Amino acid sequence: MLNKETIEILPLFPSPLFTAVYTDGDLDSTVRHLDSCELIDGGKASEYGFHSKDTYILEHKECKPLADFIMQSLIHFGKEILLYTYDEYAFSQSWISHKTPGQHHTMHTHPNSLISGVFYYGEDDPNIPAITFHKPVFGTNVSY
């Protein structure tokens with residue numbers, strides 16, 4: 001007979017998602033800087049949108065408060081949630097992606113990254129999903 005008290009569900013192949021909200025102060029000067037960065041056609045701009053020419057945005061001095069917040073969040077997630085034991089965390093790249101209604105980000109992966117992140121700023125439109133995740137399930141991709 002099955003003893004319900006001995007049943008355990010194990011998180012096999014989990015996909016943890018960490019979210020944090022920036023509440024450390026004013027980001028107006030950072031946002032002005034981000035908005036002033038040069039954008040280039042991301043390929044089929046009518047569908048894909050634009051991205052910053054510079055792919056190391058968080059290295060700009062104007063982005064230091066935001067970069068510090070993101071790094072603190074990543075370290076917390078890496079050490080406290082994922083239980084990674086790395087001595088040092090670093091940004092590999094950072095860029096701006098700009099989309100308008102009807103545009104989308106193509107499905108992709110970041111195989112060279114331990115942790116990948118997204119920071120959203122600007123106007124929120126509840127009718128447009130901010131991000132979609134895909135996970136291979138039995139040979140197909142399922143959107144979440």
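Reader: Let's start with Ile70. Which residues does Ile70 touch, not counting those up to four places away in sequence?
Author: Leaving those out, Ile70 touches Leu58, Phe91 and Phe119. Bear in mind that this is a predicted model.

Reader: Sure. And which residues touch the most other members of the largest nonpolar core?
Author: Ile70 is one of them, along with Leu34, Ile57, Leu58 and Leu66. That core has 17 residues.

Reader: Where does the largest share of that core come from?
Author: From helix 3, which supplies seven residues. As a general point, nonpolar side chains tend to be buried together in soluble globular proteins.

Reader: Staying on helix 3, what about Ser73: buried or exposed?
Author: Ser73 counts as buried, because its relative accessibility is 13%, and under 20% is the cut-off for that. Ser73 sits in helix 3, which covers residues 64-81.

Reader: What is Ser73 in contact with, leaving aside its neighbours within four places in sequence?
Author: Phe18 and Ala20.

Reader: Switching to cysteines. How many disulfides does the structure hold?
Author: Zero. Cys37 is in no disulfide, and the nearest cysteine sulfur, 6.5 Å away, belongs to Cys63.

Reader: Why is there no bond from the sulfur of Cys63 to the one in Cys37?
Author: Because the two sulfurs are 6.5 Å apart, which is too far for a bond; a disulfide needs them within 2.5 Å.

Reader: Are those cysteines buried or exposed, then?
Author: Cys37 counts as buried, at 13% relative accessibility. Cys63 also counts as buried, at 0%.

Reader: OK, next residue along. Where is Glu38 placed?
Author: Glu38 is in the loop between helix 1 (28-36) and strand 1 (39-41).

Reader: And what does Glu38 contact, leaving aside its neighbours within four places in sequence?
Author: His51, Ser52 and Lys53. As for Asp68, 30 residues apart from Glu38 along the chain, the two C-alpha atoms are separated by 23 Å.

Reader: You mentioned strand 1. What's the strand order in the sheet?
Author: The order is 1-2-3, in an open sheet of three strands with antiparallel pairing. Strand 1 and strand 3 (97-98) are the edge strands, each pairing on one side only.

Reader: How many bridges link strand 2 and strand 3?
Author: Two, in the antiparallel sense, with strand 2 covering residues 50-52.

Reader: Which residue in strand 3 is the bridge partner of Phe50?
Author: That's His98.

Conventions. Residues numbered from 1 in each chain as written. Predicted model: local features only at pLDDT ≥ 70, side-chain atom pairs only at ≥ 80, totals over all residues. Heavy atoms only, no water. Helix = DSSP H or I, 4+ residues; strand = E, 2+ residues; numbered from the N terminus. Contact = heavy atoms within 4.5 Å. Buried < 20%, exposed > 50% of the residue type's maximum accessible area, 1.4 Å probe, protein only. Pairing = 2+ DSSP bridges. Core = buried A, V, L, I, M, F, W, Y, C linked by side-chain atoms within 4.5 Å.
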